[in-house]
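Q: Please take one small part of this model and walk me through it up close. Then work outward to whatever surrounds it, keeping things informal.

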Amino acid sequence: MDLLWLYAQALVDGLLAGVMYSLVALGFVLIFKASGVLNFAQGAMVFMAGLTFVSLMELGLHPALAGLATVAVMVALALAVERVVLRPLVNQPPIILFMATIGLTFIVEGATLSVWGSTPKLLELGDPYAAFEVGELYIVYSEFYAAIAVAALVIALALFFNKTRIGRALRAVADDHQAALSVGIPLTTIWVVVWSVAGVVALVAGIVWGGRLGVQFSLALLALKALPVLILGGFTSIPGAIVGGLLVGAGEKLAEVYMSETFGLGGVENFFPYLMAMLFLMVRPQGLFGERIIERV
Amino acid sequence: MNSGKRLVAGGAILLAALAVSLPAAADELFVPMPIYRTGPYAAGGSGIGGGTEDYFAMLNARDGGINGIPIAWEECETAYQPDRMVECYERQKNEGTKGATVINPLGTGLTYAILERAAQDKIPLLTLGYGRTDATDGSVFPYAFPMVVNYWSQATAMVEYIAQESGGKDKLKGLKIARIYHDSAYGKETEFLWDEMAEMYGFEIRHFPVAHPGLDQKATWLQIARRFKPDWVISRGFGVMCSTTVMEAARAQFPRERLLGIWWCGSEEDAIPAGSAAVGYRTTTFHAPGSDFPVIDEIVKYVHDRGNGNVERDRVGSIYYNRGVLQGIIIAEAMRKAMEKFGVGALSGEQVQWGMEHLDFTLGRIQELGAEGLMPPIKTSCYDHEGGGLVKVQEWDGAKWKIITPDWIKPDHDLVRAEIEKSAAKYAAEKGITPRDCSAEN
C-alpha cells in the first residue's frame with residue numbers, strides 16, 4: 001500500500017470513528033444544554049445501557065424487546081436522578097452539580113456490575129467483519145452503517161431540540177433555572193426528558209461501541225474520547241458534536257500514521273485530540289458552534 | 001444518675017458483654033486479598049481472587065485449613081490503583097495472629113507500589129505471571145516471587161514456539177514479527193529482549209505502541225497489516241486492549257493463528273467479546289483451562305455446592321479462575337513447607353517466605369494435590385524465585401481455550417538468567433543492598 005492510500009485509509013477510518021465519538025459526546029451536550037452541567041456519568045450510562053441490553057438478550061429476550069426494556073431502565077434512571085440528585089440541588093452552582101454527577105458515576109458503575117457481573121459480553125449484530133473495497137480503501141460494512149445510523153440520530157435530535165417547544169424550554173432552563181421556573185417552564189419535567197433522551201443516546205452508543213469492542217466496563221471510558229470532541233464542537237451544540245467528532249477522529253488517525261511513518265513514534269492517537277483541544281481553547285474557548293461567552297463585569 | 005454516669009455505666013456493661021461473648025483469638029493463617037472487583041479489569045481481579053478464595057475455603061471446609069490451622073482472608077478493593085494498593089497493604093499487614101503471611105497484589109504496577117515496603121516488613125509477595133522480572137534473583141529480592149513464569153522467560157518461549165511452528169530456529173531468519181504493546185512500562189518491559197533475540201536469530205521486529213486503554217487500534221493495524229505485513233504478531237496488552245487487538249486483526253484480515261498473545265491476553269474475557277474473530281487466536285499460558293481436575297471437583301463439592309462460592313459458578317474452570325486456584329495451591333504448599341520447619345501453628349510472613357523458597361512441586365506431588373495437568377512442575381530456591389519458567393500455547397476454538405502444545409515449552413534460561421542477574425545487580429547497587437549468599441541458605 002503506498003503512502004497516499006495509507007493516509008486516505010486513515011482519513012476514512014478516522015471519519016467513521018469520529019461519527020461514533022460524536023454519539024458519546026451528544027449525551028454530554030444534551031444534559032449540558034438542559035442543566036449547564038457536564039455529566040461526568042455519561043460514560044457510565046453508556047456502559048449501563050449496553051450491558052443491560054446485551055444481558056437481557058442473553059436471558060432470551062428478542063433484541064427489540066431488550067431494547068425497549070433498556071429504554072425503560074434508562075428512563076427509570078432519569079427519574080431517579082431528577083428526584084434524588086437534581087431536585088435537591090436546584091439553583092446550586094454548576095460545580096456542585098458536576099460533583100454530584102461524579103458520585104453518580106460510581107453508583108451507576110457499581111450497580112451495573114452488581115446486577116450483571118463483570119464478565120465482558122459479545123454483541124454481534126450481523127457480520128462485524130464483512131467489508132467492501134473502493135480502490136485500495138477497505139471499509140467495514142458494520143462501521144459504515146453505524147456511522148449512517150448515528151448521523152441520522154444526530155440530525156433527528158438537532159431538529160427536535162431546535163424546532164420544538166421543548167428545545168426552546170431546554171435553552172431557557174440551561175440559561176437560568178430560577179428564571180425558567182418563573183416563566184412557567186416545568187424544570188423537573190425538562191430534566192427527566194433530557195436525561196431520558198441522554199439515556200437513549202447512551203443505549204445507541206452502547207450498542208454501536210459494544211458491537212465494536214464487546215460489551216464491557218471499558219465502554220465507560222469512552223467518555224474520555226468525548227471530552228476533546230466537546231471542546232472542539234462546543235458544549236451546547238448538537239451539530240458541533242458531530243463536527244468535533246469528525247475532526248477528532250480524522251485528526252488522531254492521521255497523526256498516528258504520520259508520526260509512525262515519519263518519526264517511528266506511535267501511541268499518539270490518545271493524546272493528540274487533547275492537544276488539538278488545548279490549542280482550540282486558546283483561540284476559541286466556546287468551541288466551533290458553542291454559544292459565545294459573554295460575562296457582565 | 002446523671003447522663004455522664006449513665007454513659008460510663010453503659011459503656012462498661014457493653015465492654016463486659018463483649019469480653020464475655022468474644023472467644024480467645026485462635027491461631028489462623030492470615031492472607032490479605034487485595035482485589036479489584038470494580039473498574040476496567042474487574043473480570044481478572046474477581047476471577048483470580050475468587051479462585052484463590054474458593055481454594056482456601058475448600059481447604060478450610062475439607063481439612064480445617066493447613067494442618068488444622070484455618071486460613072483467614074480479607075478482601076481489600078484496589079480498583080487496580082497503586083495508591084489504593086498501598087492503603088490496603090498498610091491496613092492489612094498486621095492483621096491475623098502473626099500478621100500477613102503472603103500478599104498477591106494482582107498487578108505489576110501494584111507490585112511495584114509495595115515491593116520495598118513488603119521487603120522491609122518481611123512479607124513475601126507472590127506475583128503469578130506478573131511483577132518484577134529480575135526479582136527471580138532471590139539473592140537481591142528475598143521477598144518477591146515472580147512465579148511460575150516471568151515475562152522474559154515468556155518472551156523467549158514465544159520465540160521458541162514460533163521456531164517450532166516455522167520448522168526450526170534456523171527458519172527464524174528473515175521472518176517479520178510485529179509486537180503490539182500497551183504503551184506503558186509494563187508493555188515496554190520486554191522490548192529490549194525481543195530486539196536482542198531479533199539480532200541473535202536474524203528476524204525483523206517492529207514495536208507498535210497502543211495508548212491506554214487501547215480502545216482504538218485502527219491506525220496501528222493499518223500500519224501493521226497494510227505496510228509492515230508481518231509473519232507473526234505478538235500481542236502484549238491487558239483488558240480491553242487484548243480483545244480489540246483480536247477484532248482489529250480480523251478487520252485487517254490478519255490470520256488469527258499468527259496472532260500470539262501473552263497470557264494476560266488469553267482469558268475467556270479476552271476472546272468472548274471478539275466473537276468469531278477470536279477463532280484460531282493463540283496465546284501463551286502457564287496452566288491449563290477447564291474444570292476437569294480433581295482439585296476443581298473438590299472445590300465445587302465443598303464450596304459451590306454449599307452456596308459459599310466467591311465467584312459466579314459458571315466461571316469455575318475459566319482461565320482467571322484456574323490461575324487463582326493455582327495461586328492458592330502455591331500459597332498453601334508454602335505454608336505446609338513452613339510448618340515442616342517451624343512447627344504447626346500460625347505463621348509469620350518471614351516463615352512463609354522460607355516455605356516459598358523451598359517449594360518442590362514434583363509430578364507426584366501435583367497428582368496428590370489433584371492438580372495433574374493443571375500446572376507445571378515448580379521448584380524454587382533462593383537462587384530461583386521463578387521456579388521453572390515453563391510455558392504452553394493455547395488456542396480459542398470459538399467456545400473455549402484448548403492447549404495445542406502437549407509438551408511444556410522451555411524458555412531460553414541462559415539468556416534470561418544473564419539479563420536477570422544484570423538487572424538485579426543494578427537494583428542492588430542503586431538501593432545499597434548486599435545480596436544474600438544463596439549457597440549458604442538451607
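A: **One helix, then outward**

Let's start with helix α6 of chain A, residues 165-175, where the buried residues are A:A169, A:L170, A:V173 and A:A174. Seen around the helix axis, these four cover an arc of only 135°, which puts them on the same side of α6(A). Keep in mind that you're looking at a predicted model.

So what sits on the face of α6(A) turned away from its buried side? There you'll find the exposed residues A:R165 and A:D175. On the buried side, the residues of α6(A) pack against four helices of chain A: α1 (3-35), α5 (141-163), α7 (177-182) and α8.

Now step back to the whole of chain A. Eleven helices and two strands make it up, and from the N terminus the order is α-α-α-α-β-β-α-α-α-α-α-α-α. Buried residues account for 49% of its 297 residues. If you count contacts in chain A between residues at least 6 apart in sequence, 75% of them join residues at least 24 apart.

On overall shape, the C-alpha trace of chain A spans about 65 × 55 × 35 Å along its principal axes. The radius of gyration of chain A is 20 Å, which agrees with the value near 19 Å for a compact globule of 297 residues.

Back to what's buried, this time on a bigger scale. In soluble globular proteins, nonpolar side chains tend to be buried together. Here the largest nonpolar core has 226 residues, and the ones with the most contacts inside it are A:A25, A:V46, A:V194, A:V201, B:L29, B:V246 and B:M335. Helix α8 of chain A, residues 187-213, gives the most to this core, with 18 residues; that's one of the helices our α6(A) packs against. Domain 1 and domain 2 of chain B both give residues to the core too, so it lies between them.

One of those well-connected core residues, B:L29, is worth a closer look. Which residues does B:L29 touch, leaving aside its neighbours within four places in sequence? The list is B:G65, B:I66, B:I69, B:I71, B:A72, B:T101, B:M335, B:A346 and B:L347.

That brings us to how chain B is put together. Domain 1 covers 29-149 + 289-380 + 419-440, and domain 2 covers 151-285 + 394-411. Taken over C-alpha atoms, their centres are 27 Å apart. Where they meet, domain 1 puts in 14 residues and domain 2 puts in 20. On the domain 1 side, the elements giving two or more residues are α2 and α12 (319-342) of chain B. By class, the domain 1 side splits into eight nonpolar, five polar and one charged.

Then there's the contact between the two chains, with 35 residues of chain B against 32 residues of chain A. On the chain B side, α2 (42-63), β6 (204-210), α8 (218-228) and α9 (240-251) each supply at least two residues. The most comes from α8(B), with seven. In class terms, that side of chain B has 17 nonpolar, nine polar and nine charged residues.

A few backbone details in chain B round this off. A cis peptide bond links B:H212 to B:P213, with omega about 0°, and B:P213 lies in the loop between β6 and α8 of chain B. Another cis bond joins B:M147 and B:V148, with omega about -15°; B:V148 belongs to the loop between β4 (144-145) and α5 (151-166) of chain B.

There are also positive phi values in residues other than glycine. B:N67 has phi near 50° and sits in the loop between α2 and β2 (71-77) of chain B. B:N67 counts as partly exposed, with 14 other C-beta atoms within 10 Å. For B:Q253, phi is about 60°, and the residue is in the loop between α9 and β8 (259-261) of chain B. How buried or exposed is B:Q253? With 11 C-beta neighbours inside 10 Å, B:Q253 is exposed.

Last, check out B:E116 in helix α4 (residues 108-121) of chain B. B:E116 is exposed, having 12 other C-beta atoms within 10 Å. The C-alpha atom of B:E116 is 9.1 Å from that of B:Y143, a residue 27 places away along the chain.

Definitions and conventions: Residues are numbered from 1 along each chain as its sequence is written. Chains are lettered from A and ligands numbered from 1 in the order in which they are written. This is a predicted model: local features need pLDDT of at least 70, side-chain atom pairs count only at pLDDT 80 or more; totals for chains, interfaces and linings use all residues. Two residues are in contact if their C-beta atoms, placed from the backbone, lie within 7 Å. Ala, Val, Leu, Ile, Met, Phe, Trp, Tyr, Cys and Pro count as nonpolar, Asp, Glu, Lys and Arg as charged, and the others, Gly among them, as polar. The radius of gyration is taken over C-alpha atoms; the globule rule is 2.2 Å times the number of residues to the power 0.38. A residue is buried if 20 or more other C-beta atoms lie within 10 Å of its own, exposed if 12 or fewer, and partly exposed in between; C-beta atoms are placed from the backbone. Domain bounds come from an automatic or database domain assignment. A nonpolar core is a set of buried Ala, Val, Leu, Ile, Met, Phe, Trp, Tyr and Cys residues joined through C-beta atoms within 7 Å. The arc is that of the directions from the helix axis to the C-beta atoms.
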